[in-house]
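Visitor: Could you walk me through this model and tell me how each label is earned?
Guide: Gladly; let us look at it together.

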Amino acid sequence: MSGDLDIDALLAELGLRGGEARDLGRAALEAAGLTRPGKRNLAAGKRARVEEVIAGEFVRTCSRAHCRAAAANDGRIVVDLDGSAARLCEYCGGSTNRSAWERALAAMARRDWHRLVVVGGSPPLHHELRALVGGRIDLRLVDGTARRTAHDAAHDLAWADRIVVWGATLLDHKVSQLYTDRRSPKVVTVARRGLTALAETIIKTAE
């Protein structure tokens, strides 16, 4: 019928591809009363309920070790995602940055670190970093091109659990020097661009 959904195609779209995953998905939908054995289609209006059932029964994860480890402790049936389906990963959404920052936040939590200062970086990177952190730590982002005083740097140092000076970004030497000259163990530097590099620096220093 017009407007009906092909069940196998819908399951594949939701990450349940291949015989075993598809069969498990169909079994879950049948148990929920959304279809019955032998049916190929279901009404388009049932899509939201299908998505709810699949989300409740299955945890979909990409091949990254951190994501797989988290999925193993989830309690739901694990579905491995390949190729373009990796964007459906519930832990990183197929994003290297997101995966790295989930690991960085976990590393900070293990050290009981809750306050992070990042010195440098562009406004778009700051915006993305705030989204990745999602309010799970206190984050202070310092504009590396704006005027900064020794008093400001001292206040940041007293407040933070860790300060990362982000080289190779928008960062004036006179600003970075306010932090690096103090030679505090709280202050670390990262010379590479990118949010993944920033996260990896935090992970390394938390070890």
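Visitor: Why is Leu 29 called buried?
Guide: Buried means under 20% relative accessible area, exposed over 50%, and partly exposed in between, with a 1.4 Å probe and protein chains only. Leu 29 has 1% relative accessibility, so it counts as buried. This is a predicted model, in which local features need pLDDT of at least 70 and side-chain atom pairs count only at pLDDT 80 or more, while totals for chains, interfaces and linings use all residues. Residues are numbered from 1 along each chain as its sequence is written, and side-chain values use heavy atoms, with hydrogens and water left out.

Visitor: Which residues is Leu 29 in contact with, leaving aside its neighbours within four places in sequence?
Guide: Contact means heavy atoms within 4.5 Å. By that rule the partners of Leu 29 are Ile 7, Leu 11, Leu 34, Thr 35, Val 50, Val 53 and Ile 54. Take Val 50: 21 residues separate it from Leu 29 in sequence, and the C-alpha to C-alpha separation in space is 6.9 Å. Leu 29 itself lies in helix α2; helices (H or I, at least four residues) and strands (E, at least two) are DSSP runs, numbered from the N terminus.

Visitor: What makes a group of residues a nonpolar core?
Guide: The set must consist of buried Ala, Val, Leu, Ile, Met, Phe, Trp, Tyr and Cys residues joined through side-chain atoms within 4.5 Å. Here the largest such core has 26 residues, and Leu 16, Leu 29, Val 50, Ile 54 and Cys 89 have the most contacts inside it. At least two of its residues come from each of α1 (7-13), α2 (19-31), α3 (47-57), β3 (58-61) and α4 (65-72). A second, separate core has 25 residues, including Met 108, Leu 129, Ile 137 and Leu 198. In soluble globular proteins, nonpolar side chains tend to be buried together.

Visitor: How do you know that Cys 67 has no bond to the sulfur of Cys 89?
Guide: A disulfide is a pair of cysteine sulfur atoms within 2.5 Å. The closest cysteine sulfur to that of Cys 67 is in Cys 89, 3.8 Å away, so the pair is too far apart for a bond. Cys 92 is in no disulfide either, its nearest cysteine sulfur being that of Cys 62 at 3.6 Å. The structure holds zero disulfides. Both Cys 67, with a relative accessible area of 0%, and Cys 92, at 1%, count as buried.

Visitor: Why is strand β5 described as largely enclosed?
Guide: Strand β5 covers residues 115-119, and four of its five residues are buried, so the rest of the structure largely encloses it.

Visitor: What makes β5 and β6 a pair?
Guide: Two strands pair if DSSP finds at least two bridges between them. Five bridges join β5 to β6 (residues 138-142), and the two strands run parallel. One of the bridge partnerships links Arg 115 with Asp 138 in β6. Between these strands the chain passes through helix α6 (residues 123-133), in a right-handed β-α-β crossover. Right-handed means that, with the strands pointing away from the viewer, the path from the first strand over the helix to the second runs clockwise.

Visitor: What is the order of the strands in the sheet?
Guide: The open sheet of four strands reads β6-β5-β7-β8, with parallel pairing. β6 and β8 (187-190) are its edge strands, since each pairs on one side only. Four bridges join β5 to β7 (residues 162-166), with Val 118 partnered by Val 164. Four bridges also join β7 to β8, where Trp 166 stands opposite Val 190.

Visitor: How do you know that Asp 156 is buried rather than exposed?
Guide: Its relative accessibility is 1%, so Asp 156 counts as buried. This residue sits in helix α7 (residues 150-159). Beyond residues up to four places away in sequence, Asp 156 touches Val 117, Arg 140, Val 142, Arg 148, Ile 163 and Tyr 179.

Visitor: Why is Ala 168 called partly exposed?
Guide: Its relative accessibility is 36%, so Ala 168 counts as partly exposed. Ala 168 belongs to the loop between β7 and α8 and has a positive phi of about 65° although it is not a glycine.
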